[in-house]
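Colleague: Hi! Could you walk me through this one before I set anything up?
Modeller: Happy to, let's put it on screen.

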Amino acid sequence: MKNHFDNHAMNKLRSHLFLLSLTLLLTCASFAQTKTENVILITLDGARTQEVFGGLDLDILKDKTRRGKVEDTALYKKYWAPTPEERRMKLLPFFWGTLMKEHGSVAGNRSLNSAVMTTNKMWFSYPGYSEILTGQAHDDVINSNDKTRNPYPSVLEFAKRKLKLNKNQVALFGSWDVFNWIGEHEEGAVTINAGHEPYELAASAELKALSKLQNERLSPWDSVRFDYFTFRFAMEHIKTYQPRVLHLALGETDDWAHGGDYAHTLNSFHQNDQQFKELWETLQSTPKYKGKTSIIITIDHGRGNTIKDWTDHGEKVPEAQYIWMAFISPDVSLRGEWKNTETIYQNQVAATLCRFLNLDYSENNPQAGKPVARLFSK
Ligand SMILES: [Zn+2]
């Protein structure tokens, strides 16, 4: 009887242990086994939530139309429709019609009670990108757009080290030259090509010519090249080196807006949308990327909400702290717009990017924002 009891107890203990180890195994497995092997971070400098969620802003167009009727303008004909949903579809047809419908979701439409905010109080580019790439705001240190080395290691450097990647496999292509200073705290750690810098890694004759051309077809801005060049170099890099972590940093949505040029601002949105399409199609036709790539699309800062200050941003411009964030991932089943959700923050991008890759970003910076929980809750 005693023996029998002992055996019974032992068996019970064994089955408990078995269940416990099974639970542990499953818990670990559900953390470890994302399908994601590559991450692409896309930023559109200062691309307002107003246009992303509502398309053409009629008040701005009216303000900009000096002569004749607003209805006769090319912008109205191209981008106007009665509802915000129809308007944004005209502005960003691939983003709304394909990406957000079939493959991903987007947070930041405040009319649906979803908000995304910066935690920095600067609301301009260097602080925004640094918050994205390091996972933390440092308003006391990072408070200008000057070309000074980022004192904090970036998620690009962290991912390269943890995944034991070579320099070409972690790359940042930016239209703005200051990315050379923001993107890495150790100079030369990762591939950065920004501003009017030649793309030395270009393999094809066509891209070599294009690299030269960017300095013969200068943009209107000293420190920013046209997104066209940035995008072409990034695409060439994807095809040649198949990077596992890529930051594509496009900039024209900010620069045209600063100049008050609403036509070029909207057309830049539209061009960026076509670039999303080309990038997406390339990923789908490349075995290394198809079904294994997560994409985060976001912005460094918002802008003003009125006809007086839509051109501007910074701490004195109300509402410039509001941004948006889209997630496209084989590991996330959310689709369309977020509704009635908690506010998420710019300082969560680095940790979310790492979480897709099964890396724990708190190893790099324990103070950084955490991965966006909603993406990973089953
Ligand atoms: Zn700006």
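Colleague: Is His258 buried, partly exposed or exposed?
Modeller: His258 counts as partly exposed, with a relative accessibility of 39%. Keep in mind that this is a predicted model.

Colleague: And His313, buried or exposed?
Modeller: His313 counts as buried, because its relative accessibility is 12% and the cut-off for buried is under 20%.

Colleague: Which protein atoms are the donors of the zinc ion?
Modeller: Asp254 appears twice through OD atoms, and His258 and His313 each give NE2. These donors lie 2.1 to 2.4 Å from the zinc ion.

Colleague: What is the geometry of the zinc site?
Modeller: The site is irregular, with angles of 55 to 151 degrees among the four donor atoms. To count as tetrahedral, all angles would have to lie between 85 and 135 degrees. For reference, the ideal tetrahedral angle is 109.5 degrees.

Colleague: How are the donor residues of the zinc ion spaced in sequence?
Modeller: The spacing is D-x3-H-x54-H. His258 lies in helix H12 (residues 252-258), while His313 is in the loop between strand E7 (293-298) and strand E8 (322-323), so the two histidines tie together parts that are 55 residues apart in sequence.

Colleague: What about Glu252, where is that found?
Modeller: Glu252 is in helix H12 too. Glu252 counts as buried, at 6% relative accessibility. If you want a long-range distance, the C-alpha atoms of Glu252 and Ser114 are separated by 26 Å, with their positions 138 residues apart along the chain.

Colleague: Switching to aromatics. How many aromatic pairs are there?
Modeller: The count comes to 18 aromatic pairs. One of them is Tyr262 with Trp310: the ring centres are 5.0 Å apart and the planes are at 75 degrees, so the pair is edge-to-face.

Colleague: Which parts of the chain does that pair link?
Modeller: Distant ones: Tyr262 sits in helix H13 (residues 262-284) and Trp310 in the loop between E7 and E8, 48 residues apart. Both Tyr262 and Trp310 are buried. His313 of the zinc site is in the loop between E7 and E8 as well.

Colleague: Which rings are linked into a cluster?
Modeller: Ring pairs join Phe53, Phe95, Trp96, Phe276 and Trp324. Two of those names come back in the largest nonpolar core, where Ile42, Phe95, Ile297 and Trp324 have the most contacts.

Colleague: How many residues does that core have, and what gives the most to it?
Modeller: The core has 103 residues. H13 gives the most, with seven residues.

Colleague: Which charges sit over rings?
Modeller: Arg110 lies over the face of Tyr322, 3.6 Å from the ring centre. The charged end of Lys288 sits over the ring of Tyr289, and there the distance to the centre is 5.6 Å.

Colleague: Nice. Now H14: how many of its residues are buried?
Modeller: Eight of the eight residues of helix H14 (residues 349-356) are buried, so the helix is largely enclosed by the rest of the structure. The buried set includes Arg355, alongside residues such as Val349, Leu353 and Phe356. Thr352 is also in H14, and its C-alpha is 35 Å from that of Ser204, with the two 148 residues apart in sequence.

Colleague: Where does Ser204 lie, and is it buried or partly exposed?
Modeller: Ser204 lies in the loop between strand E5 (191-194) and helix H10 (205-213). Ser204 is partly exposed, with a relative accessible area of 26%.

Colleague: I like to check backbone angles too. Where is phi positive?
Modeller: Most residues other than glycine have a negative phi. Asn358, just after H14, takes a positive phi of about 65 degrees. Lys164 also has a positive phi, near 50 degrees.

Colleague: Are those two buried, partly exposed or exposed?
Modeller: Lys164 is exposed, with a relative accessible area of 73%, and it is in the loop between helix H8 (155-162) and strand E4 (170-174). Asn358 counts as partly exposed at 24%, in the loop between H14 and helix H15 (373-376).

Colleague: Last one: what does the domain assignment give?
Modeller: The assignment gives domain 1 (1-33) and domain 2 (36-376). Their centres, taken over C-alpha atoms, are separated by 48 Å.

Terms used:
Residues numbered from 1 in each chain as written. Predicted model: local features only at pLDDT ≥ 70, side-chain atom pairs only at ≥ 80, totals over all residues. Heavy atoms only, no water. Donors = N, O, S within 2.8 Å, 3.2 Å for Na, K, Ca; no water. Tetrahedral: all angles 85-135°; square planar, octahedral: opposite > 155°, others 65-115°. Helix = DSSP H or I, 4+ residues; strand = E, 2+ residues; numbered from the N terminus. Buried < 20%, exposed > 50% of the residue type's maximum accessible area, 1.4 Å probe, protein only. Phe/Tyr/Trp six-rings, centres within 6.5 Å; stacked < 30°, edge-to-face > 60°. Lys NZ or Arg CZ within 6 Å of the ring centre and 35° of its normal. Core = buried A, V, L, I, M, F, W, Y, C linked by side-chain atoms within 4.5 Å. Domains from an automatic or database assignment.
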